[in-house]
Number of protein chains: 2
Amino acid sequence: MTKLHSWCVDMELSLPSLEDNTADWDRIQVALKNRFDVSRSIGHISLYRSLPSIVREAEYKVRCSLFRDRASYYITGVAPASQSSFLGVAVDLGTTRYVVEIVDLVSRASIVQGNYANPQGKIGPDILSRIHHASTQEGLEELRTLIIEDLNCRITQLCEKEGLEKKNIVNVAVAGNTAMTHLFLGIEPRWIIREPYIPPLNKLDLMLARDIGLDVAPGARLFMFPNVGSYFGGDLFAGILYCGMHLQEEISLFVDVGTNAEVVLGNKDWLIACAGAAGPALEGGVSKIGKQASPGVIDRVKFDPEKGSFVWSTIGGLPPVGICGSGIIDLAAELFRNGLLDFRGKFVVSRAPELFVERDGIIHLILVRAEESGTGKDLLISQPEIDSLIRSKAAMFTILETLAETVGVSLSEISRFYVGGTFGNFIDPRSAITIGMLPDLSLDKFVPLGNSSLKGAREFLCRPALFEELLDVERKITYIELNVNQEFMNKFSAAKFLPHTDRSKFPSLSSLTF
Amino acid sequence: MTKLHSWCVDMELSLPSLEDNTADWDRIQVALKNRFDVSRSIGHISLYRSLPSIVREAEYKVRCSLFRDRASYYITGVAPASQSSFLGVAVDLGTTRYVVEIVDLVSRASIVQGNYANPQGKIGPDILSRIHHASTQEGLEELRTLIIEDLNCRITQLCEKEGLEKKNIVNVAVAGNTAMTHLFLGIEPRWIIREPYIPPLNKLDLMLARDIGLDVAPGARLFMFPNVGSYFGGDLFAGILYCGMHLQEEISLFVDVGTNAEVVLGNKDWLIACAGAAGPALEGGVSKIGKQASPGVIDRVKFDPEKGSFVWSTIGGLPPVGICGSGIIDLAAELFRNGLLDFRGKFVVSRAPELFVERDGIIHLILVRAEESGTGKDLLISQPEIDSLIRSKAAMFTILETLAETVGVSLSEISRFYVGGTFGNFIDPRSAITIGMLPDLSLDKFVPLGNSSLKGAREFLCRPALFEELLDVERKITYIELNVNQEFMNKFSAAKFLPHTDRSKFPSLSSLTF
């Protein structure tokens, strides 16, 4: 018995004879059973219709694409064995942007990738506004249609660019947060945000891609990564599978940093997950000049104490027009290291008065002067904006600390700290530790994963064995609601200092003088 | 753990709380698992979409309709528990006519039935002509569309008549012969009639009814009874399940009489099936006045030797316009009993010259004189037409004899002789034995089943346990190709006499003098 190494298998079926009148489709079943112990696989009428001529043209040497549901395997495509192409599409379905990757299911190689704005953004930039819009049937349908049509159009573009055929796309895997998953499928999401926060669906069956409106092969199936809860969606699930923390002896922490901080702690024996609001600061969403990473946005900041000025890098090397989350974290860390921010997170204007300016009675730091900026204006950060960042970083740290305490693990015991999400890729762990947002671990423990949601979805298209791991993670993972009680609030208050009221939690910062 | 007694179940789901954030759909899964050991059931996007509002309106008291595939259960409908109606549709998909029955899945009562001409008949009256027509894509699609649209229209009519809602139809079960099954689904049937006679599909997965074009509930699933071989289709399979021969200790024979004679022999331990051409005579399809059973058609014939004339009954009591298969069998038996047909099956004109007339040099029997007929003309049966009946009855007897010999069973050992098909209902076993078409068993062994295909399909909608029986029959049944060798031809020749060359095979006829 061979293990299924890819979702595509080539098989020589037994030849028909008067002595063996097994039906064509049953011959495929028999071959799958004998070779791969796939006991019964479900097809689709579109496959049945094309089957008789395909098997005969191919002289019963066929290539099948399979996909798996919890209980069953599905046959998603049947073609002559020689030179038939079967494609998979992996989607990271983000609230703001989404990423599409086309994979060759035979060679398991990535072919092409595209990154697009989620067109639902024009209805509302954030999840809440979209959920509200979806409270009417028309609004829900509008949101659903926006993303489905855009995705169809992007898939077409990518296929045309690479000379691929959409009709060869047989397996689709989509990873999104709980709300995006529901909006993608056209399912009322309002219950997600209402107490007691029950999503309509967590574990989804494999669906016919055409039923969802995807313009791919008629027998293609869609896999949606399961949600763990209303605030812990399939994107995180894909991330866990990708980082592999569920296979390791040592305890790891996996954090997806965004407006919500989604956190998983655990190892091969247990996994505990929670999510909490961190506020928009970490995504560059609170300051006037805060922006999502895009060309011209500052992603790295240093302070040059000799010159008394900032050195920054921007995405694409363009003149700066704003600053993203990783840039703000760098900035706060640099200000703190250089005594321009005190341990309460307040500007120390007296240290370098020329860097500050008052506007409408509020102190602002001049990050980029008008003559150097891409906007023709000074790029300013205000004290309230810094305050907001401090609250976000304190929330993040408190969530991590609380989760670890819940299971009796000290943060210092963590052997790997996976930082997921595109944004996580850009955070400088040194800066994040300096402001006390992430725990003071040795830097080599931090593993930036990049777009772990997309990577998990892609792996799912390339490695059938991942399905067993998915079931395993589903069984192991416990989702806890963070209990925002007095103790949590006390921890949060202590974490609102730089790096923390309890300096012993950040030994590596002992060289810093304050 | 309760057994599933119907495809509809009412369940109180656990109520959502902050302590239990199980998703709505997962609550249904949990309830099904806990109460019925249905470990995982597959849904459909249309159900997911309506789920959140239904469960909340119904305060988590829901009625679900289920249906089963080999490997899995499917949820086909979800509604509030109180007063929700779920309907099933059973279809006997015959080549000439088809029958539709609507069943209440909750009470398991039959609601309404309709019997219609198969609209594919206008393309070709028989299977062969339709298979030829289906050899082009357009022809296949034309045939498919004809039956699907007609069925949709009939279902609509039946629903309107009874005040039912089509959208409540969630489970559909269709039983047809192998070719009709393929044409219904739009699958190339040509391979069925070409050596080595491999059908594209025997065991069909449960399909989404909408994918097949049926205008029923969006989550409704279609079950097609499996074929055993190219000439032994789902209609026979449904008949086996209905008569229950697969559960009995004693050996039974099940025959569906038509153009093909389909025969199953066996008991609870084994089942052996075969099919052979019997010719159209038994369906009233060879004589000029031969007709399928319909108003005005003679279904019973007696000869009154006193008066020297025929006494007949017609369907609906109308003036006679033709004669159906059971009438022809009666007629031949009466002619034989009264010395008007000799043991070679030739008219004995000398016995009653007034009953015969010569037309175009061929001897005809006057069955009904013009003044009594519904057509204004004499109803005549010619010698070649009688010859054709003799060949058909000989074929039938030879098939039965050969099958029984293959497994070493004597026909006299048979404890029950089920006669399936609507036609089987009308055959007088006494007449069929007299002409040597059926074996000479005691009359109480003959069990006419009526439309066993429809009844099997209806039972399937009413008794979930039948699915296990279906799997059991599938495992047990062996299909054998009848080997038309010299021995078969010898047997056939011997059976072409009335009742048979070997009179000892028909001891009950010993009182007849010839």
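This briefing covers the overall form of chain A and one helix pair in chain B. The model is predicted, so that local features need pLDDT of at least 70 and side-chain atom pairs count only at pLDDT 80 or more, while totals for chains, interfaces and linings use all residues. Residues are numbered from 1 along each chain as its sequence is written, chains are lettered from A in the order in which they are written, and side-chain values use heavy atoms, with hydrogens and water left out.

**Chain A**

- Chain A has 13 helices and 22 strands, where helices (H or I, at least four residues) and strands (E, at least two) are DSSP runs numbered from the N terminus.
- The radius of gyration of chain A is 26 Å, which agrees with the value near 24 Å for a compact globule of 514 residues; the radius is taken over C-alpha atoms, and the globule rule is 2.2 Å times the number of residues to the power 0.38.
- Of the 514 residues in chain A, 60% are buried, meaning under 20% relative accessible area with a 1.4 Å probe, protein chains only.

**Helix packing in chain B**

- Helices H4 (residues 137–162) and H5 (residues 178–185) of chain B pack with their axes 7 Å apart at an angle of about 90°, and H4(B) and H5(B) are therefore roughly perpendicular (65 to 115 degrees).
- Their contact (heavy atoms within 4.5 Å) involves residues including B:Leu140, B:Arg144 and B:Ile148 of H4(B), and B:Leu183, B:Phe184 and B:Leu185 of H5(B).

Key:
Axes are lines fitted to C-alpha atoms, for helices over the stretch in contact, and angles run from 0 to 180 degrees between N-to-C directions. Angles under 35 degrees count as roughly parallel, over 145 as roughly antiparallel, 65 to 115 as roughly perpendicular and the rest as oblique. Buried means under 20% relative accessible area, exposed over 50%, partly exposed in between (1.4 Å probe, protein chains only).
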